[in-house]
Amino acid sequence: MIYDVVVIGGGPAGLAAAIKAHEEGGKVLILEQAEYLGGILQQCIHPGFGIHYLGEDLTGPEFASLFIEKVRSLNIPYILSAHVMKIEIMLPLAKKIQLIAPKGTKDIETKAIVYTAGAREKHGFEIGITGDRVSGIYTAGEAQSLMDLYGVMPGKRVLIVGSGDVGLIMARRLSLEGARVVGVVELMPYPGGLARNLVILRDFNIPLYLSHRVLEVHGRGRVERVKMARVNSKGKTIPGTERWIECDTLLISAGLVPDVRVLESLGIRIDPSTGGPVVNEFLETTAPGVFVAGNSLVINDLVDYAVEQGERAGMQAVRYAKNGGLPSMNWIPVEKGGNVRCVIPHYINGENEVILYLRARKPVKDATLVTGKKMHKIPVVTPAEMLRVKIKKEDITRPFKVEVSP
Amino acid sequence: MSIRVTIVGGGIVGASIARVLSRYENLKVHIIEKMSDVGWGVSKANTALIHGGYDDDPQKYPLRASLCVKGNRLWQKWVKDLEIPHVWSGALIIALQNEDIKHLSTLLERGIRNGVPEMRLVEKEELQALQPGIASEATGALYVPTVGQIASPRATVAIIENAVKNGVKIHLETEVQGIKVSDGEVKGIQTPRGFMESDVVINAAGLYADEISRMVGLDYFTLRPRKGEYLIYRHGIPGPTRVLFPTPTPKSKGIIVTTEVGGHLMIGPNAQDMERDEKDNLATTEEGLKEVLQGARKLWPGIPDRGVIRTFAGLRPEPPNGDFIIRAEEVWGFINVAGIRSPGLTSAPAIGYFVRDILRRDLGLKLVPKRRWYPRRRDITRIAAIPDAQRDRKIRARSEYGQVICRCNHITKGEILDAVERMKYINVKTPSIDSVKFRTGATSGECQGSFCMVRIAMLLAQEYGVPLWNVTLKGPGSELGIGDINSLRREKK
Ligand SMILES: Cc1cc2nc3c(=O)[nH]c(=O)nc-3n(C[C@H](O)[C@H](O)[C@H](O)COP(=O)(O)OP(=O)(O)OC[C@H]3O[C@@H](n4cnc5c(N)ncnc54)[C@H](O)[C@@H]3O)c2cc1C
Ligand SMILES: Cc1cc2nc3c(=O)[nH]c(=O)nc-3n(C[C@H](O)[C@H](O)[C@H](O)COP(=O)(O)OP(=O)(O)OC[C@H]3O[C@@H](n4cnc5c(N)ncnc54)[C@H](O)[C@@H]3O)c2cc1C
């Protein structure tokens, strides 16, 4: 059996891609590493999902189940506990995926791939924390699964690194279970989370240390204290501002990075600013017929965007499979101007309406987003919130530059 | 009549001695180890190189010079018999300045005297071909093809499993607190679990060997910890195909650059002298890591700022005169195997035979070889590394081999359960993540366990029949939780 599209990763982006590809007439298979479909939504038991896409406010599992039921009703095949070992591109229309799964190893052949394997959490070593390697240092996801999946209390006095939504939600979760959150440490001079989540700090009387960095852990078997210091505007430690905080737990919520190891092994180009692959507006990577969506492409704050990307990638993947490739184009690079940290896609063609996703470097009030020759007024831009803009065909210029200015 | 031999310390040295002694019918060998698994002392955190043996001056350090070369030869057999992961990549000792070349000739001569085979000097042109990507300043190198690398904590586990198979008894979480001597003879050891009679006590206690020695009144040496720090990078950041050394200084072999057995670029160590009471200070430091990075970039300029997935530190037990202290002491039956600093890992198998010869020669013991001794030990099958057909058969026989838990290193549930079985085989009492890590490699990849650590903990909890919060990271005192989810709210009521 040769598939038109194999979707790697059965989270919201992957499910949306599979449904779309199926609806477009493709022969589709979903591969999911976990024992269930739905991706990280299954562990996000709070509401806040689907406001844009559905106009409804659902919890993570509720949102996921809509897609899972659709996959089932359309009889789209999927394999669970399927671990992708390796992908080989043999011909433009023949890609071999090597699997380990409970039913045995398997080589699957497909014409196109949609890669939607999500992201992984940054851990303490990656953000330069030194000192003792002891128990009590968890990523937010580890702490969340200890608590919500296995009913384990990780610690009593917790210091949290990172003031993004995930860190704040964990601060509330730990406080409600009786732990003392002794502080939230944020490298940036402004908090990373949405306003509605910042209220948590006030509710539970948790100090927020902006422009601070955790440097070092001290403990014998378990964390006993943690050293932090103030940083200057370049993120460098200011000598003399170091101080120790007593705690038994250090929770790292320093953000996610696209999980692109499999793609890297194919030699696909990666954009250091997103951590994900370089893509054109069809969400095709530099390897023909390999498409990417969701958190593997760029870290999305909203599931709605992940789904939107999934649908696009799914549709284009079928087109690739049916036509033996996508048409050659004279691509226009999307250039990053002032105050733009990252933007997706990297190349557009000027022949279609296109959706841009971008993040600013610094917060701006009454901002103007300039895309090509078009200006968009935006009341508040923060790095915490990804911007999504639709660009009409006639507003696309060559060259095409994007910038956020006050 | 059988002779009771107690080895203090379940590191690579104690393990190797035990394996060699397990060949003899009339020895009853026990290993006493204070930690909850074997190989967690100095043997856990080091560069894991099987050195060539050119570096040790035979005049100043006769034991190091002879045991290193012998050890290298023995390892080439042991890694096969015991299925220890290894790569034999050879090493290049790099000259960056003209005076370095002179030093390399000295090393070459010393290597020739020590009996190191196949060494030669290479010039700039060949060097660039032998190791593309090396610093353009490199003007030449000493090429040592016999240098290898092994997975060092796994090596200790492998040797111990084989020793246990051959009758050695192992006592974990048992600290030697005193040694009984009377009439100038060793009588046994005191532990919190009671007194154990013994005719021979072999002190292989790593950093603490000076303290064990003092228990029989011998205080002629003290060991000083010397810290070395490392950085490990994610897959995809290219490392060299050979081990790269700078031209050594009298104090250390310098900061090396290598692709370790797991395939990651690894750099380190620096050398920082510590106070005597800092034998448990394994903390990494910002300055130390910076020093390592700077040093490594001199040889391997392409190391990026980002991409570190782990940092760690080890402590070398530095003896006062630099050489190993291995001898039968005047207290009859007490043998010191102390100050086993680098190249101690390399020398360990040779130390095993050296100690056997001490038993024969200095203690006058007659050793009776066993009629049946098992030279081989099988490693846990690495599902991802075996041919497809074989893998398929394994999975069909047991579906757990088809369930990948550690995504980064492709380790399956079946392999983790195998590791738990191996832990129980050597009497590991406290379940810990590190015990699984050092048997399978799980949690040591790019995500450092953020995807799989909790699931592995759950398997450990099930297999050991303990609540999940009692599973540890690295033995008692490092439990993963403080109780069930309601424990704090209950406390407050
Ligand atoms: C704590 C938290 C709170 C959030 N809250 C909100 C919110 O309130 N509202 C909102 O809209 N969004 C929220 N988000 C964001 C949203 O959940 C994500 O943007 C979205 O889930 C991304 O979907 P995805 O399909 O790209 O990735 P994922 O959901 O991560 O799915 C990826 C899937 O791929 C699988 N996989 C990985 N590797 C492989 C492989 N090699 N082979 C096969 N399968 C593989 C994984 O097991 C997983 O199932 C939140 C995110 C987090 C982390
Ligand atoms: C940074 C660094 C890099 C190195 N690189 C290399 C290299 O590349 N190649 C090489 O050949 N060598 C290298 N070495 C040296 C090598 O690691 C050591 O020589 C070797 O591991 C020593 O093994 P050991 O068994 O003597 O000590 P250990 O592994 O420390 O074993 C001693 C054991 O005794 C136990 N113990 C201590 N006190 C007691 C007690 N009272 N009761 C019970 N048990 C006790 C400890 O818990 C420990 O497990 C390096 C060392 C360091 C630190």
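Analyst: Let's start with a term: a residue is near a molecule or strand if one of its heavy atoms lies within 4 Å of it. This is a predicted model, in which local features need pLDDT of at least 70 and side-chain atom pairs count only at pLDDT 80 or more, while totals for chains, interfaces and linings use all residues. Residues are numbered from 1 along each chain as its sequence is written, chains are lettered from A and ligands numbered from 1 in the order in which they are written, and side-chain values use heavy atoms, with hydrogens and water left out.

User: Which residues come closest to ligand 1?

Analyst: Of the 33 residues that surround ligand 1, the closest are A:Ala13, A:Glu32, A:Gly48, A:Asn295 and A:Val303. Ligand 1 itself lies between chains A and B.

User: What makes the pair of A:Glu32 and ligand 1 a polar contact?

Analyst: A polar contact is a pair of N or O atoms within 3.5 Å; within protein, one must be able to donate a hydrogen and the other to accept it, and residues adjacent in sequence count only if both atoms are side-chain atoms. A side-chain N or O atom of A:Glu32 is 2.5 Å from an oxygen atom of ligand 1, so the pair fits. The backbone takes part too: a polar backbone atom of A:Asn295 is 2.7 Å from an oxygen of ligand 1.

User: How do you know that A:Glu264 and B:Arg234 form a salt bridge?

Analyst: The rule asks for a side-chain nitrogen of Lys or Arg within 4 Å of a carboxyl oxygen of Asp or Glu. Here the closest N and O atoms are 2.8 Å apart, so the pair qualifies. Across the interface of chain A and chain B, the rule finds six salt bridges.

User: Why are S12 of chain A and S24 of chain B called paired?

Analyst: Strands are DSSP runs (E, at least two residues), numbered from the N terminus, and two of them pair if DSSP finds at least two bridges between them. S12 (residues 152-153) and S24 (residues 483-484) have two bridges, so they pair, in the antiparallel sense. In S24(B), B:Gly483 is the bridge partner of A:Met153.

User: What is the area buried between chain A and chain B?

Analyst: Buried area is the accessible area (1.4 Å probe) that two parts lose on being put together, summed over both. For chains A and B that comes to about 4700 Å², with carbon and sulfur atoms giving 52%. On the side of chain A, the residues losing the most area to chain B are A:Phe125, A:Arg133 and A:Arg261, together 15% of what that side buries.

Terms used: Helix = DSSP H or I, 4+ residues; strand = E, 2+ residues; numbered from the N terminus.
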